[in-house]
Amino acid sequence: MLTVQASLVLPSMELSSNTKKLQLVRNNGSGQILARAITSSGNRQLSNSNNQPEYDVVVVGGGIVGVATARELITHHPSLKFAVIEKDSQLAAHQSGHNSGVIHAGIYYLPGSLKAKLCVEGLTLAYEYCDKNNIPYKKCGKLIVAVEKFQLAQIDALYERGKKNNVKDMQMIERDKIKEIEPHCKGLKAIWSPHTGIVDWARVTRSFGNNFQKFGGKIHFNFNVKGFKIAPEGQKGPNKYPVRITSDKHESIRCRYVITCGGLYSDKLAQMSGCSSEPQIVPFRGEYLLLKPEKCHLVKGNIYPVPNPKFPFLGVHFTPRMDGSVWLGPNAVPAFKREGYKMTDFSIPEFFEMVKYRGFQKLVCKYPAAGMGELLLFLMFGPSGVRAQAMNSKGELVDDFVFDGGKGELAKRVLHVRNAPSPGATSSLAIAKMIKSKVEEKFEL
């Protein structure tokens, strides 16, 4: 048998940031061509028509939580092989790239909850990461303003909640101080959060991805997951990479363990491995208006209302952006397609799945008046995003983290992050640390 080898130098973008060259090896006896990527870390990945890429851990989902998790894991386990698979052609294609860009301080959330703890921790980690990686941000602050007397008791309660959450340097201020911070804002009383800021979260996600690749990780784009299977044992004993992940294009990737961070499709990914259908993701679209450029100077930082306790979202607010524009919004209306960013976006299967869900029906009955008010705003045009809101069959919005596994052999090798609630972007580095600990315990890495 004669083996002929040839070396071909390719640009780093085509392989990965740490790949030096690609060896093409032809076995003249079988006619097969093997492609061997040799990386700077010495790891080798073999692939041919009969041999799928193999990894120790695969993270499904190229949003900010998935990529932050992959980055966190590879920095602590550099000897293992990691990959991220993403169904779109870029990172941050959905929630991570369609949001207000706010770095939240952690005022709103239930004291003692993971949501509160991880937001406060995540804010600090986000600023540290941006400083270290030269990502621009603006620490423009945030006012939560009471404009009616009946809101004074509510804002006092919110301030106490923020103190219990250890929100840094938060202050309660009166009319004169409000005017000093925001000259064009009128209010009776306000909470001032000086460390709330703004950043481009899509840019942060891409930076996480670059870091991940520099450590030897691989990102597979255009890989839309359609199933998880445990491969049968071979004649020589157990498979080292028993989990097989298949795509809608009949591609396959093999691995030892899987973590899914699927955002808008997190429930669907969980169901593929035999998990419960609950909590179900019900998509809510948030749409914004834009201030005219000549009016943007009227808003210095984030200006929020006191949240309406009768409605589960934060209310319409002013949000400055890194490009100098100012957004006003969002509303919150059911989206008729999980990735439907326009009013005309409609998926018949996803629409009927949502309206038939008992939890959604109960939610509509629970908030009829507020829902109608939001629907009026629905007709206004502007940028928009879709929030992956987890909901149970009682019509309750799930605000805490939900982890799940599959059934049988898959249960030991799959971890589904079914709900990483807002503010997921702010909390992403803290969430990644928590997932890392959970993965190390479950998979015994």
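Okay, before anything else, one definition: two strands count as paired here if DSSP finds at least two bridges between them. Keep that in your head, and remember that what we're looking at is a predicted model.

So, with that rule, take β20, residues 317-320, and β21. Four bridges join them, and the two strands run antiparallel. If you want a register to hang on to, His317 has Gly329 as its bridge partner in β21. The two strands form a hairpin with five residues between them, and in that hairpin Gly324 takes a positive phi near 95°.

β21, residues 326-329, has another partner too: strand β18, residues 289-290, is joined to it by two bridges, again antiparallel. Over there, Leu289 stands opposite Leu328.

Let me zoom out for a second. The protein chain has ten helices and 25 strands. Of its 445 residues, 51% are buried. Take the contacts between residues at least 6 apart in sequence: 70% of those join residues at least 24 apart. As for the surface, the chain exposes about 21300 Å², and carbon and sulfur atoms supply 53% of that.

Next, a smaller sheet. This one is open, has three strands in the order β7-β12-β8, and pairs antiparallel. β7 (102-103) and β8 (137-138) each have a single partner strand, so each has one side without a neighbour in the sheet. Between β7 and β12, residues 197-199, there are two bridges, and Val102 is matched with Ile198 in β12.

Hang on to Val102, as it brings me to Thr426. Where does Thr426 sit? In the loop between β25 (414-419) and α10 (428-443). Buried or exposed, then? Its relative accessible area is 2%, and the cut-off for buried is under 20%, so Thr426 is buried. Its side chain reaches the backbone oxygen of Val102 at 3.4 Å. And if you skip the neighbours within four places in sequence, Thr426 is in contact with Val102, Ile103, His104, Cys119, Gly122, Leu123, Ala126 and Trp201.

Last bit, cysteines. How many disulfides turn up in a search of the whole structure? Zero. Two cysteines to click on while you have the model open: Cys261 is buried at a relative accessible area of 11%, and Cys296 is buried as well, at 12%.

That's my tour, thanks.

Conventions:
Residues are numbered from 1 along each chain as its sequence is written. This is a predicted model: local features need pLDDT of at least 70, side-chain atom pairs count only at pLDDT 80 or more; totals for chains, interfaces and linings use all residues. Side-chain values use heavy atoms; hydrogens and water are left out. Buried means under 20% relative accessible area, exposed over 50%, partly exposed in between (1.4 Å probe, protein chains only). A polar contact is a pair of N or O atoms within 3.5 Å; within protein, one must be able to donate a hydrogen and the other to accept it, and residues adjacent in sequence count only if both atoms are side-chain atoms. Contact means heavy atoms within 4.5 Å. Accessible areas come from the Shrake-Rupley method with a 1.4 Å probe; for residues, only the protein chains shown count as cover. A disulfide is a pair of cysteine sulfur atoms within 2.5 Å.
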